[in-house]
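Please open the structure in a viewer and keep a selection tool at hand. The stops below are arranged as a tour, each with a selection to make and a note on what is found there.

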Amino acid sequence: MDSRPPDPQQLPPSATVPPPRRRRWIGAVVAILLVAGVAGAAYYLVNRPPPDATAGNGRPGGQRGPGGPGAGRAPGGSSGAGPTVTVGMAVAEHADIPVMLDALGTVTPLTTVMLRSQVSGVMTDVLFKEGQIVKKGEVLARIDPRPFEQALMQATGVRVRDEAQLEAARVTLSRYRTLLGQDSIARQDVDTQAALVKQLEGTVISDKASEAAAKLNLDWTRITSPVAGRVGLRTVDPGNYVTAGGTTGIAVITQMNPIDVQFAVPQDRVPEIEARMAQGAKLVVTALDRVRATTLDVGTFSTLDNVVDTTTGTVKAKARFDNAKNTLFPSQFVNVKLQLRTINAAVVVPVTALRTAGTGNYVYVINEDRTVSMRNVKRGDSSVESVVITEGLKDGERVVTEGGDRLKDGSRVQLPTDAPRTGGRRQGAGTPQSGNGAPAGSGTPAGSGTPAAGGAPAASAADGAAAPADAAAGERRARRAAPDAAQAPAGPGATTPPAAVVVPAAPAAPNAAAAPASPNAAAAPASPAAPRPLPTAEQRQRMLDAVKDEPEQLERRKRFLEALDKGDPAALERWQRMSERPRRQAE
C-alpha cells in the first residue's frame, strides 16, 4: 500500500478551491465589520465629551484633571448622563417691548436751491462764506449795477416824453370837440384826434412796463437767498462775468431745519401704519448712525407714498425731524427705527435664547437639578435684543442663552454663577468606607457602630483630625502609614484604626497630627504638604494653548489663573493637586 501523500495536482478541484458561497460569506462579514467600525468612529467623534469632561473619569472617586472642576460628574459624585456644559442663562420676565420697524433711510432736505444770476454782468462782490447759514432775503452777491441803472434812466425818459405827448393830444381833442359843437370843424378831425390820444396812451403803458423791467434788472444785480439754509461751496469768484441762467450757478443753498428722512417700509406693514395714522397717533421715528450706536435725532412719521414698488415690494415713506443740532446732513444714510406700538406685560427672553429647528422655535429651559429641557414655544414680535414668547414659557423660568449648540434634551449644565466643585472628596471620603462610616480595613466591624478600644469612636473627627482635601493625596498617605500601624502591638480586643491625615487648606495653616483612636495602637503622624509655587509663564502658556480652540474652556482657564494670582484658597488647592498628579503617576 502506497503511503505517499497524494499529489495536489491530482486532487479534485473541490478539495483545493473553497466553494464560492464561502468566499461570499467571508466578504459579507468583513464588510459588516468595516461598516460597524466606521459607524462607531463617527458616533465617537460626534458624541465625544470635551477634554475637561474626560480628564479624570476613569479614576475612582471622581478625580479630575486640570481641564476644569466637576466635568462629567453629577452632583454627589455619581456619573451623569453626559458631560457638564457651562452655559449662559437668562430669566424670562414680563416687560413692555416696543414693536419697531427697522429700515435704511436717506436724509432729504425740504428745499435745495441752485443760486443763479438772472442778469448778465460782472460779479463785483461775494458777501457769503462757504458753509454759512443764511436767512431768506439775505444779500449774497452783487453784479455791477451801472449798465442797468442807465437802462432804467432811459426807460424813464421815454415814458415821460410819451406822457407829455399824450397830455397834449388830450387837450387838442377837447378843443376839437368844442368846435364840433359849434359846427366849425369836421367830425373826421375830431375822430382822428381821439385815435391819436388812444395811441399815445398805449405808448405810455408800454413805456411804464419797460421802466419796470429796467428796475427789476437793477434789483437782480443784488443776488439774495430765496430760502433759509446752508450755503455750499462757491463756484464763481468775484470779477468773473456771469450770464443769466448759467448752468453752474454761484452756489447751492440747502434747507437744514426742518429736514426729512426718506425710507422704505414693507408692503405688509402699510395697513398697520395707516390704521395708526387714522387713529391720530404720532408715530415716533428715531434716526441712528451707521453702527446704531448714537441717536442722531427723534422725529415723527409724515406720510406714505401712493404706490408700491413692484421690484422690492416696499412703499416709500417720509419722517420729519427738527434737526435743531444739525446732526442730520443732506443725502446722509441713516438707520431708521419706526415705533409702531408697544406690547405691555409680555413674556420676553433674549434673542439668543430662541432657537429654530424643523419642528419650529424652541428654547432650553434650565431645571432645578441643573438639567435642561427642550420646550417648543411660539414667538411674537421682537426687538434688537429681546423677543416676545406668546406661548410655551412662563415668567421666572430660566433659559439657556449661550452654549445651546452643545446641548440636547436632558443634558446637565453648569451656570457661571455656580461655585466650582473641589477636586477631593468630602470629609471621610478619601478612603472607601463600610456601612457605619468607618474606613474599610479598620478594626471596627462594619455596621456594628461600636467605638474602638479606649472609648474613642473609630470614624469620629472629634480628636482634631481633619479630612483630606484631596482623595488621591489621602489614599497615598494612608498607604504609607499602613505598615507602621500594622507593626504596632495591639492589646487584647483592641483594634487599630488607620492614621488620620491632615492636609492644610492654605500654606499658612498650622501643622496638625492625627491622634490615635486607641492607646494600644500607634498612628503615623502626617506631615503637612508644602505650598507649591505659582505656575510659570511657560506653564501658563501651555495651559492656554491646550484649549485655544474651545472659547469657553479657554475663558475658564484664564479665570483660574487670575484666581491663583489673587491667592484664592480653592484655586491654590487645585493647583497643588495638579502639580502632584505627575508625581503620583510616576510612583
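How many aromatic pairs does the structure hold? This predicted model holds two.

**First stop: the aromatic pairs.** Select F263 and F301. Their rings form an edge-to-face pair, with 6.3 Å from centre to centre and 65 degrees between the planes. The pair links distant parts of the chain, since F263 belongs to strand β12 (residues 259–266) and F301 to strand β14 (residues 295–304), 38 residues apart. Both F263 and F301 are buried. Next, select Y362 and Y364. The ring centres of Y362 and Y364 are 5.6 Å apart and their planes stand at 85 degrees, so this pair is edge-to-face. Y362 and Y364 are both buried.

**Second stop: the nonpolar cores.** Keep F263 and F301 selected and add V265, I273 and L328. These five residues have the most contacts inside the largest nonpolar core, which has 25 residues. Elements that each supply at least two residues of this core include β3 (93–109), β12, α5 (270–278), β14 and β16 (333–350). Now centre the view on L328. Beyond its neighbours within four places in sequence, L328 is in contact with residues including V107, M256, V261, F321 and V334. A second, separate core of 23 residues can be located by selecting V126, L140, I143 and V227, which are among its members.

**Third stop: helix α4.** Select residues 187–219. The 33 residues of helix α4 should span 48 Å at 1.5 Å a residue, and the end C-alpha atoms are 49 Å apart, which agrees. Which residues of α4 are buried? They are V190, Q193, V197, L200, V204, D207, E211, A214 and L218. In an α-helix, residues three or four places apart point the same way, because there are 3.6 residues a turn. To see what covers the buried residues of α4, display α3 (146–181) and β8 (222–224), which are among the covering elements.

**Fourth stop: the loops.** Between α3 and α4 lies a loop that contains D183. D183 has a positive phi of about 60 degrees although it is not a glycine. Is D183 buried or exposed? D183 is exposed, with a relative accessible area of 67%. Move then to S331, in the loop between β15 and β16. S331 also is not a glycine, yet has a positive phi of about 70 degrees; S331 is exposed, its relative accessible area being 54%. Select N257 and P258 next: a cis peptide bond joins them, with omega about -10 degrees. P258 is placed in the loop between β11 (251–254) and β12.

**Fifth stop: helix α8.** Select residues 551–566. Helix α8 has 16 residues and reaches 23 Å from its first C-alpha to its last, close to the 22 Å expected at 1.5 Å a residue. Its buried residues include L554, R557, F560, L561 and L564. Add R574, which lies over the face of F560, at 4.3 Å from the ring centre. Just after α8, G567 takes a positive phi of about 80 degrees.

**Last stop: residues 25–46 and the whole chain.** An unreviewed UniProt entry annotates residues 25–46 as "transmembrane region". In the model, this stretch is 100% helix and 0% strand, with its end C-alpha atoms 32 Å apart. Finally, display the full chain, which has nine helices and 23 strands. Of its 587 residues, 34% count as buried.

Key:
Residues numbered from 1 in each chain as written. Predicted model: local features only at pLDDT ≥ 70, side-chain atom pairs only at ≥ 80, totals over all residues. Heavy atoms only, no water. Phe/Tyr/Trp six-rings, centres within 6.5 Å; stacked < 30°, edge-to-face > 60°. Helix = DSSP H or I, 4+ residues; strand = E, 2+ residues; numbered from the N terminus. Buried < 20%, exposed > 50% of the residue type's maximum accessible area, 1.4 Å probe, protein only. Lys NZ or Arg CZ within 6 Å of the ring centre and 35° of its normal. UniProt positions renumbered as here; feature names shortened; annotations may be inferred. Core = buried A, V, L, I, M, F, W, Y, C linked by side-chain atoms within 4.5 Å. Contact = heavy atoms within 4.5 Å. Expected span 1.5 Å × (residues − 1).
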